[in-house]
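Work through the exercises below with the structure open. Try each task before reading its solution.

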Amino acid sequence: MKTTFLKSLLTIVCLLCSVGVYAHDFKADGIYYNITDTINKTVEVTFGGFYEYTGSIVIPATVACFGKTYNVTSIGDEAFRFCTELTSVTIPNSVTLIDYSAFERCMELTSVTIPNSVTEIRHSAFDGCTKLTEITIPNSVTFMGGAFKGCQSLTSITIPNGVTFIGVTAFSGCTRLTSVTIPNTVTKIEMRAFEKCRRLTEITISNSVSEIEYRAFYKCTALTSITLPNSVTEIGEEAFAYCESLKEIRVEATTTPAIQSSTFDNIEKSTPVYVPAGCGESYRSADYWSEFTNIIEFVPEVTAP
């Protein structure tokens with residue numbers, strides 16, 4: 001009797017948990033919503049079930065339910081996750097947040113319109129969207145986590161001026177990415193941000209970046225040259241390791257940036273390292289920079305007023 005009761009209780013708990021996974025407050029025109037603020041009348045687009053959303057989706061700015069009109073202000077975490085037949089999404093100008101894994105593994109997704117209202121794109125938002133070829137992120141975005149990991153068809157990206165750091169695994173595994181524009185607002189390139197971007201050939205890092213973290217450009221095997229600005233003070237382990245095509249390193253910092261023993265692992269130590277005039281000796285005597293045998297001084301270009 002006791003065993004039967006426990007089994008029944010466990011069954012009820014499992015059913016409740018299953019309902020919770022698919023929970024939503026209402027559905028309108030094929031889109032599921034949760035009410036996030038009853039006073040200000042806001043909602044988020046939410047998960048409706050694996051493979052639920054298909055084709056082209058246009059998310060409205062407002063939606064009516066229960067005799068009230070709600071503003072759509074966010075795309076909830078995992079809202080469209082594993083919707084493998086979703087091809088395009090238009091996000092309204094009312095949305096400010098694209099949450100964790102919102103479009104993860106939408107493998108047929110080729111087009112996304114992100115409006116100027118969006119300020120935050122969280123980790124894994126577009127992780128594994130393998131057919132997404134191009135995306136323009138508006139200047140309103142200030143926070144961008146590992147949003148585009150594994151977007152294997154993405155060829156170029158312009159990071160907006162409001163972004164202050166490029167998050168962990170932000171573009172890791174974007175194997176067709178050939179060019180990146182990093183604005184002067186970025187202060188940190190976090191761990192594995194561009195790891196295994198195998199077609200990235202050249203990178204100029206903006207003069208606001210102070211830190212390049214662990215494996216930020218690890219195994220970018222087509223990378224031929226890098227320019228490190230005067231603002232860089234620290235470069236993490238394996239940040240440029242196995243960038244086997246690297247032919248030139250240009251460092252504009254007059255104070256030698258701290259690097260690790262593995263920062264340039266598997267890079268020929270005869271690779272030319274260009275440093276500011278008068279700084280050659282400090283680089284030649286600095287930890288791990290001293291391993292490079294071809295440190296060359298250069299006179300920095302002066303921009304005419």
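## Exercises on a predicted model

**Exercise 1. Locate Arg105, then describe its backbone and its exposure.**

Solution. Arg105 sits in the loop that runs between strand E8 (97-98) and strand E9 (111-113). The model is predicted. Next, the backbone. Most residues other than glycine have a negative phi. The phi of Arg105 is positive, near 60°. Last, exposure. Arg105 has 35% relative accessibility. Partly exposed covers the range between 20% and 50%, so Arg105 counts as partly exposed.

**Exercise 2. Do the same for Asn266.**

Solution. Find the loop between strand E21 (248-251) and strand E22 (273-276); Asn266 lies there. Its phi is about 65°, a positive value, although Asn266 is not a glycine. The relative accessible area of Asn266 is 47%, so it is partly exposed.

**Exercise 3. Is Cys197 buried or exposed, and which residues does it contact beyond its neighbours within four places in sequence?**

Solution. Start with position: Cys197 is in the loop between strand E16 (188-189) and strand E17 (202-204). Its relative accessible area is 0%, so Cys197 is buried. Now set aside the neighbours within four places in sequence. Cys197 then contacts Phe171, Cys174, Leu177, Lys219 and Cys220. Also check Phe217, 20 residues from Cys197 along the chain: the two C-alpha atoms are 7.6 Å apart.

**Exercise 4. Classify the ring pair Phe26 and Phe66.**

Solution. The whole structure holds 22 aromatic pairs. In this one, the ring centres are 5.9 Å apart and the planes meet at 75°. Planes over 60 degrees apart count as edge-to-face, so this pair is edge-to-face. Phe26 belongs to strand E1 (residues 26-28), while Phe66 is in the loop between strand E5 (62-65) and strand E6 (68-75). The pair links parts of the chain 40 residues apart. Phe26 is buried at 5% relative accessibility, whereas Phe66 is exposed at 58%.

**Exercise 5. Classify the ring pair Tyr53 and Phe80.**

Solution. The centres lie 4.5 Å apart, with the planes at 50°, so the pair is tilted. Tyr53 is in the loop between strand E3 (42-45) and strand E4 (55-58). Phe80 is in the loop between E6 and strand E7 (86-90). The pair therefore ties together parts 27 residues apart in sequence. Both Tyr53 and Phe80 are buried.

**Exercise 6. Over which rings do Lys219 and Lys269 lie?**

Solution. Lys219 is over the face of Tyr242, at 5.7 Å from the ring centre. Lys269 is over the face of Phe292, at 5.5 Å from the ring centre.

Technical notes
Residues are numbered from 1 along each chain as its sequence is written. This is a predicted model: local features need pLDDT of at least 70, side-chain atom pairs count only at pLDDT 80 or more; totals for chains, interfaces and linings use all residues. Side-chain values use heavy atoms; hydrogens and water are left out. Helices (H or I, at least four residues) and strands (E, at least two) are DSSP runs, numbered from the N terminus. Buried means under 20% relative accessible area, exposed over 50%, partly exposed in between (1.4 Å probe, protein chains only). Contact means heavy atoms within 4.5 Å. Rings of Phe, Tyr and Trp (its six-membered ring) pair if their centres lie within 6.5 Å; planes under 30 degrees apart count as stacked, over 60 as edge-to-face and the rest as tilted. A charge sits over a ring if NZ of Lys or CZ of Arg is within 6 Å of the ring centre and within 35 degrees of the ring normal.
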